Amino acid sequence: MAIDSTGARAVLLPEPTRRRTGAALTFARFRRSPGALLSVGWLALLTLVAIIVPPFIETEANRQDLGLRLLPPFQPEHGLAYILGADSLGRPELLQLIMGTRTSLLVAVLSVAIAACIGFGIGLVSGYFGGWVDEVLMRIADVMHTIPSLLLALAVLYVLEPSIFNLVIVLAITRIPVYLRTARAQALELRERVFVESSRSIGAGDWRIITTDLAPMVLPTIRTVAMLEVASILLAAAGLSFLGIGLQRPDVDWGMMVADGRAYLTSAWWVTVWPGLIIVLTALAANLFSNWLRAAEDPAQSAQFIRPPRRRKVRA
Amino acid sequence: MIRSRRTRWVGSALAVVGVTALVAGCSANETSAAPDRDLTIVLASEPVSLDPCDTQDAANAQVLRANVLESLTRIDAETGEVVPLLAESWESSDDNRTWTFDLKEGVEFHDGEPFDAAAAAASIDRVLNTDIGCGNGTTDQFPYEVSIEVVDEQTLQLTSAEPDGIFPLRMTYIDLASPATPTDAKTEDPIGTGPFTVGEVVQGQSITLEPFDAYWGEQPEATGVTYVYRTEPTVRASMIATGEADLAVPIAAADATDDDRTREYSDNRVFFLRTQTNKPPFNDPRVREAVHYAIDRETITGALMERSGLPYDQIVAPTVNGYIDDFEGPSFDPDRAAQLLAEAAADGVAVDTTVELVTRPDLFPGSDEVMQSIAQNLQDAGFSIQFRSLDTDAWLQLLRKPFPAEQVPNILAISHDNISGDASFTYPKYVASSGTNSTLENADIDALIAEAETKSGDERAALFQQASRLLYEEDFAIVPVALQTKLLKLAPGIEYEPNGLTGVELRIGDISFTG
Amino acid sequence: MWTFLRRRLVTSAVSLVGVIVVVFFLARLTGSPASLYLPESATQEQIDEFNRINGLDQPLLVQFWDFLVGAVRLDFGASIWQRRPALEAALDALPPTLALAGIALALSLIIALALGAIAAVYRFRLPDRVITVVTLTISSIPDFWFALVGILIFAVQMGLVPTSGYATPAAWILPTATVMLAPVGVLTQVVRGSMIDALGAGYVQNARARGFDKTRLVLRHAMRNASLPIVSVAGDRAAGMVNGSIIVGSVFAFPGIGVLIMGAVLNRDFAVIQASVFVVGVGVILVNIVVDALYAVIDPRVRVSAGKAK
């Protein structure tokens, strides 16, 4: 509710901005927020690079050159490809990072998307219906949760090939319970709310209530969790590489680059720091953007986007 | 800023934790310096079995052999000769089938049982003739049946079914344990004649050895040993730097220092690749030969195996009798490799079949990079390579017969050591067509190996060398890459000169304190 | 309360059985142990003998039945890798993991509650931005990288802590910090998010407008309603500590059930895999029951509706 300067007519003024220009308002706020701009910019840049660049540099990225092994960074005489240095087999770090971007983003986005969709859907259903449906679904979630991801990873990646697709499946399955539990908790709480009652009273069926009323309210939390999970997934893939059961060359992802470089932590810091840094920055960007999006869409938090008038110092 | 109670609690909680940690850390550092003559040795992995008959496995042997357990004979690391240990002397019959051992007197087992011919016989029988799955008594070490006879208290007679020129060498593999050792199951408590007994064993954490006062020989300087395990090479080396360990073995080349605290040792280990002669395209010798020419051993060992590998073109170390002096194998010649592949392709061989290059992450420190480099070499030469790094069990499935029928053609990375000095611990397994790890089917080589096994001395060596020549110059099934050395690290005040046996026998008696 | 508990135990037992069944078959997909435990030149007879001794030569369903029968009596067989009862190996490995997880989770919660609350109250102003960036950065660091760098800096360079092991209290610092990396970031964000929601709710605005003390509002009212998502994420993290302990166990040689499972998988020790997963499963179920009970305590509406049949 907008409160105009006189205050007296607070109750009567309609809420102009939000109702009329939902998406446009969000976009306007976006343009004004440096944090959001940077985050989205970074993510967009990565996505663009991941889609466009790899086919052009693939052979160059995987070309080993033992003569350039562990080349230090910032030596322009070796060309742009080697500007971030070279890894333990003389491959150019920058190009490896780009190839890794494609793999890492693909794995992260697909895993998170699959897990989130399934977890979100099942969680809503489970929380809303309650009763034995809830019990059964939660037990299945418990089963999925308890199975050690390592065992699952070994079984899947050993019996089948250690491919990107299989890695996505493994990571997705192990993370479903997070979304499931969160969605279910919120659904449990929301279904008792008045607006649900009122929907039911006008004859809306269960599925309609779930999709139209509950889903949009639970979505922001799921989105927050999903963005946070991006970091989780990137690190889980790195952990699998560290333990020796992740992707195999020539597929390369950021986590594998960090794991492969761990013998050179003191002698060649650039081999692990660049991929590590990019993991941190990407996870950070995802989370910051998610926070911002939440705030921008939530009327309760829209107060932050109103620039308070500058206080002028009153000179006595 | 809100001075909420919660923030204050958090602040003080963190402070308490922090201070406690620092205090504990400081005191931990002081108390962790062990009393002078106790050793802490950090290894890469835990022994799988403490049974005396399982010491053919290096992880078990490194802890037990020469420290807890002893055998009739042993190999002198300097000369490579078989020398007496619990047997003072021996002689063989003319046909090299019956060997008579004179045993040392006055030796006791840790449990007080006397060491005599009956005890030795019981121990040997346990290894060779029971079916509890003893690793020391397999056909690798003992291809022929052995019958055991106790002549008198100090004399033991062993008869081999076939003439065997290296019988005393084989006896170095059998560690002797007290007659009280159960013969129907493996034991966790090895009772031997060595200078130490096994004290506390904490599964997954440590093994402690205590000195045995009634040891017959010279008591080692160390008054106790604790073995701990760390899988990360960096952590092993770091433990030396912090004073948590006195000896770290093995360490990675990246952690090696230039001072005298880092020592190199060779365990006669060769790193080679094995192709499959029975699957296309490797059934054509030209394709196998192409692999030899495709690999740039010099650059790979120079750049990636610093201090731990030298380019090599044979599958046994120079101290083994199958080694050929001044033999020159194929050098790095990618053009020749490509030419060979083209020739084979012209004859209809499918040289572009995708071949798996199979390795293990823990083959040796840094093996992953070496294998990727090899993959690149092979691809440059024209092979279509898929890189596969498998865990130990999966790798073993491909290593040994029976090979999985549906496996794709592969090149398998193998790191094999032979400290015995005799090719019969390598060739029958890897080269003879009946060998468990062999993909060869070469009748000529088989004949030579079979004949060599019956001979001894120079004749034996000559025959093995002929077999080697056939392998390297005509068959090409096995592609040697590097002769390996290992590295270990010593803490200040510790002196230990490693030798060829260190990988399988780390004698605490050889470790001395200088500070 | 007791009906709730009883029902939960029954259904949890069902899911535990489900887990064990799945793990039974999953473990056997990884391969067979004979090659690992027998010397290289083992003959087929020796392999067959090994399989016979360990019950691996029976048809799969027979093995499964034997296993179920044993499991009911809590007999998971003998470990071929460690040569002692599998359940004993699993139970021995449990306390260090529980201790590590407990300490790490407690510390993470304390830090997250404090920082998340501050961030929510000062949202989008400087404290919030700093806290968000710092905690998210921390939770984005690969744990094994942090562990190895931590050893190099704090143990080797500065000598403050030992490199590895778990004997002294000081040896717990780096492992605990490593395990805390991810939860701190996630929990802080979740606390912040749900606190913002709670603070934005009508009744809170109302109370603030009427002059209620902000701190009391935060602590007593907003926190309670904000805690549902926090509890669920914390519960998830607690149950997931097993995986976190694998890296810590591998780098620091810190014993635990995660590293036991990994060793059992690599050594194809099905008995220990099954026993460990059973132990972990029981733990996860207990955590879930606690979490659900907490939901009911925090939110009365959940209590009521949990009883509703549909």
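What follows is a chat about how some features of this predicted model earn their labels.

Colleague: Let's start with the cysteines. What makes C53(B) and C134(B) a disulfide?

Modeller: Their sulfur atoms are 2.0 Å apart, and the cut-off is within 2.5 Å, so the pair counts as a disulfide. Over all chains, the count comes to 1 disulfide.

Colleague: Why is the disulfide of C53(B) and C134(B) called left-handed?

Modeller: The torsion about its S-S bond is about -85°, so it is left-handed. C53(B) sits in the loop between β1 and α2 of chain B and C134(B) in the loop between α3 and β7, so the bond ties together parts that are 81 residues apart in sequence. Both cysteines are buried.

Colleague: And C117(A), why does that cysteine count as exposed?

Modeller: Its relative accessibility is 56%, and exposed means over 50%, so C117(A) makes the cut.

Colleague: On to the rings. Why is the pair of W90(B) and F101(B) called tilted?

Modeller: The ring centres are 6.0 Å apart, with the planes at 40°. Pairing needs centres within 6.5 Å, and planes under 30 degrees apart would be stacked, over 60 edge-to-face. An angle of 40° fits neither, so the pair is tilted. W90(B) belongs to strand β5 and F101(B) to strand β6 of chain B, so the pair ties together parts 11 residues apart in sequence.

Colleague: Are W90(B) and F101(B) buried or partly exposed?

Modeller: One of each. Buried means under 20%; F101(B), at 0%, is therefore buried, whereas W90(B), at 23%, counts as partly exposed.

Colleague: What makes F109(B) and F115(B) edge-to-face?

Modeller: Their planes are at 75°, and over 60 degrees is edge-to-face, so that label applies. Both of these residues are buried. A search of the whole structure finds 25 aromatic pairs over all chains.

Colleague: How do you know that R28(C) sits over the ring of F24(C)?

Modeller: The charged end of R28(C) is 3.8 Å from the ring centre, against a limit of 6 Å, and it also has to be within 35 degrees of the ring normal. F24(C) is also part of an aromatic cluster, with F25(C), F64(C), F67(C), F76(C) and F278(C).

Colleague: Now charges. What makes D51(B) and R126(B) a salt bridge?

Modeller: The closest N and O atoms are 2.8 Å apart, and the cut-off is within 4 Å, so the pair qualifies. D51(B) is in the loop between β1 and α2 and R126(B) in helix α3 of chain B, 75 residues apart. Relative accessible area is 0% for D51(B) and 5% for R126(B), so both are buried.

Colleague: How do you know that R263(B) and E497(B) form a salt bridge?

Modeller: Same test: their closest N and O atoms are 2.9 Å apart, and the limit is 4 Å. R263(B) lies in strand β14 and E497(B) in the loop between β20 and β21 of chain B, so the pair ties together parts that are 234 residues apart in sequence. R263(B), at 9%, counts as buried.

Colleague: Finally, what makes I52(A) partly exposed?

Modeller: Its relative accessible area is 46%, which falls between 20% and 50%, so partly exposed is the label. I52(A) is found in helix α3 of chain A, and forms a nonpolar surface patch with L48(A), I51(A) and F56(A), about 480 Å² of accessible area together.

Conventions
Residues are numbered from 1 along each chain as its sequence is written. Chains are lettered from A and ligands numbered from 1 in the order in which they are written. This is a predicted model: local features need pLDDT of at least 70, side-chain atom pairs count only at pLDDT 80 or more; totals for chains, interfaces and linings use all residues. Side-chain values use heavy atoms; hydrogens and water are left out. Patches are made of residues with over 30% relative accessible area and no salt bridge: like charges are joined within 9 Å, nonpolar side chains (Val, Leu, Ile, Met, Phe, Trp, Tyr) within 5 Å. Accessible areas come from the Shrake-Rupley method with a 1.4 Å probe; for residues, only the protein chains shown count as cover. A salt bridge is a side-chain nitrogen of Lys or Arg within 4 Å of a carboxyl oxygen of Asp or Glu. Helices (H or I, at least four residues) and strands (E, at least two) are DSSP runs, numbered from the N terminus. Buried means under 20% relative accessible area, exposed over 50%, partly exposed in between (1.4 Å probe, protein chains only).
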